[in-house]
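Reader: Hi! Could you walk me through how the ligand is held here?
Author: Happy to, let's pull it up.

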Amino acid sequence: MCILALGVLVVTSVLVFAMFSRMNKFQTKEQMSNEIEDISAALMHMNENEIYKYISEVAEKNNSRITIISKDGAVLYDTKDEPSVMENHRERREVMGAMKYGKSFVIRYSTTTKMRTCNYAVRMNDGSILRISYVFDNIYKMVQQIIPLILVVFIVVIFFALLMAWKMSNKIIEPINGIDIHHPQTDFIYKEFNPLLKRIGKYNNERTKNEKLRREFSANVSHELKTPITSISGYAQLIQNGMVKPEDVEVFAGKIVKESDRLIHLVDDIIKLSRLDEKKNELDKVIVDFRDLCTKVWESLQPVADKYKVNFEIDVNSVRYIAVELMMEELIYNLCENALKYNKPGGHVKLSVRRDGQFVYIVVEDNGIGIPKECQSRIFERFYRVDKSHSKQIGGTGLGLAIVKHVVEYHEGKIDIESEENVGTKITVTLK
Ligand code: ADP
């Protein structure tokens, strides 16, 4: 607002001065034209002595300078200087004009007076030139006088501009400061704000949902940890109290080892998940060769395949993909381990990775126990298990597929599942 006010003021002042200067020039010319006509008429009837007296009086009265110049440019009379010391005036623009056209008006810098002057010259009947000059400083004097006034106007304008800006911004800001950030209304006074408020509302919902999930997760974690610890403690107490026959101690110790293994497995998975939650943006992606990765997983899962008496086969081309290597390994490992675990003796598991155009497909197929239709949408939830006791028995934590989901989301891929109970399961991960 201040800059605008300043701009308007400067432009207006310049325009006013320009107009005023034009008008002033025009008026001066008119005035001088009348004056010079009167003087030249009066001079016609005078002799030499009277001429000088007359022009001196007129010049003094009007605060002007009057010069009479002969046909050849020599100065005959001048009311300021001694004609004999003055140079020839033939070359003066107004003199040349008057000689040629009869009369001439020129504003120029005078070398004699060292000032800007208005000059009006006419050719008289005898061919000599009569010239009047005025020092032309009116307009600059006026500018000098008016500048303080403009400054005062400017200060007043700035003051009001600031006052208005302050009041207006307060008025605009007030409703914004009043927004209830936890429950933003979408019919806000400024409709331009609605997208932002909607986003805040969505963010609040997501936060509430995430908080709920986190609380549930903590409760689940405590519960899941408590079960094996309670068993371990129970078995150990039985042994401590001598309630286990010596020949059964080995069996109970075995149970304790199994539960502790479960516990370790569980804690491992929880740590992996929370690392994934935390380090979302920090992990380095590298070029992963799926053939090497799958061979590694295949080798490490051989004991599991043997244990469940399942045939485990891989069919992987050398597909390269930019990914977080450890995450990818975890993903393939978990999918294959599930396919082996939830299988039947003599069953079959096939891991294949292929590339088709822009996409890489990781497919794990088994002909195991399958997943009931109604559970398929839930198996990626943390701690969700179709058959809790079965899963526990084979050492499941309910976190494997949650980790898989996390990894797929991190790599902006998608995961599809086809499964039928007692027929088998096919899980396909598609990465772009
Ligand atoms: P878990 O540690 O129990 O294996 P997951 O998150 O890996 O947990 O899997 C969740 C549940 O999904 C499992 O408990 C199991 O019931 C079911 N599931 C996963 N993969 C398969 C599969 N290939 N065949 C049958 N059921 C499966």
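Reader: Which helix gives the most to the shell around the ligand?
Author: That's α9, with 3 residues. Keep in mind that this is a predicted model. Both α9 (325-341) and α11 (400-410) supply at least two residues of that shell.

Reader: How many residues surround the ligand, and which are the closest?
Author: There are 20 around the ligand, and the closest are N338, Y342, S391, T397 and L401.

Reader: What's the make-up of the shell by class?
Author: It has 9 nonpolar, 8 polar and 3 charged residues.

Reader: Nice. What does the side chain of N338 do with the ligand?
Author: An N or O atom in the N338 side chain is 2.8 Å from a ligand oxygen. Y342 also uses its side chain: a polar atom there lies 2.7 Å from an oxygen of the ligand. With T397, a polar backbone atom is 2.6 Å from a ligand oxygen.

Reader: And how much of the ligand does the protein bury?
Author: The protein buries 97% of the 530 Å² that the ligand exposes when taken alone.

Reader: Which pocket is that space?
Author: The ligand takes up the space of the largest pocket.

Reader: Switching topic: how many aromatic pairs are there?
Author: The count comes to 8 aromatic pairs. One of them is F105 with Y120.

Reader: Why is the pair of F105 and Y120 tilted?
Author: Their ring centres are 5.9 Å apart and the planes sit at 50°, so the pair is tilted. Tilted is what's left between stacked, under 30 degrees, and edge-to-face, over 60.

Reader: Where in the chain do F105 and Y120 lie?
Author: F105 is in strand β3 (residues 103-110) and Y120 in strand β4 (residues 115-123), so the pair ties together parts 15 residues apart in sequence.

Key:
Residues are numbered from 1 along each chain as its sequence is written. This is a predicted model: local features need pLDDT of at least 70, side-chain atom pairs count only at pLDDT 80 or more; totals for chains, interfaces and linings use all residues. Side-chain values use heavy atoms; hydrogens and water are left out. A residue is near a molecule or strand if one of its heavy atoms lies within 4 Å of it. A polar contact is a pair of N or O atoms within 3.5 Å; within protein, one must be able to donate a hydrogen and the other to accept it, and residues adjacent in sequence count only if both atoms are side-chain atoms. Accessible areas come from the Shrake-Rupley method with a 1.4 Å probe; for residues, only the protein chains shown count as cover. On a 1 Å grid over the protein atoms alone, a cavity is a set of points where a 1.4 Å probe fits but cannot get out, and a pocket is an open set with protein on both sides within 12 Å along at least five of seven lines; lining residues have an atom within 4 Å of a point. A molecule sits in a cavity or pocket if more than half of its atoms lie within 2 Å of its grid points. Helices (H or I, at least four residues) and strands (E, at least two) are DSSP runs, numbered from the N terminus. Ala, Val, Leu, Ile, Met, Phe, Trp, Tyr, Cys and Pro count as nonpolar, Asp, Glu, Lys and Arg as charged, and the others, Gly among them, as polar. Rings of Phe, Tyr and Trp (its six-membered ring) pair if their centres lie within 6.5 Å; planes under 30 degrees apart count as stacked, over 60 as edge-to-face and the rest as tilted.
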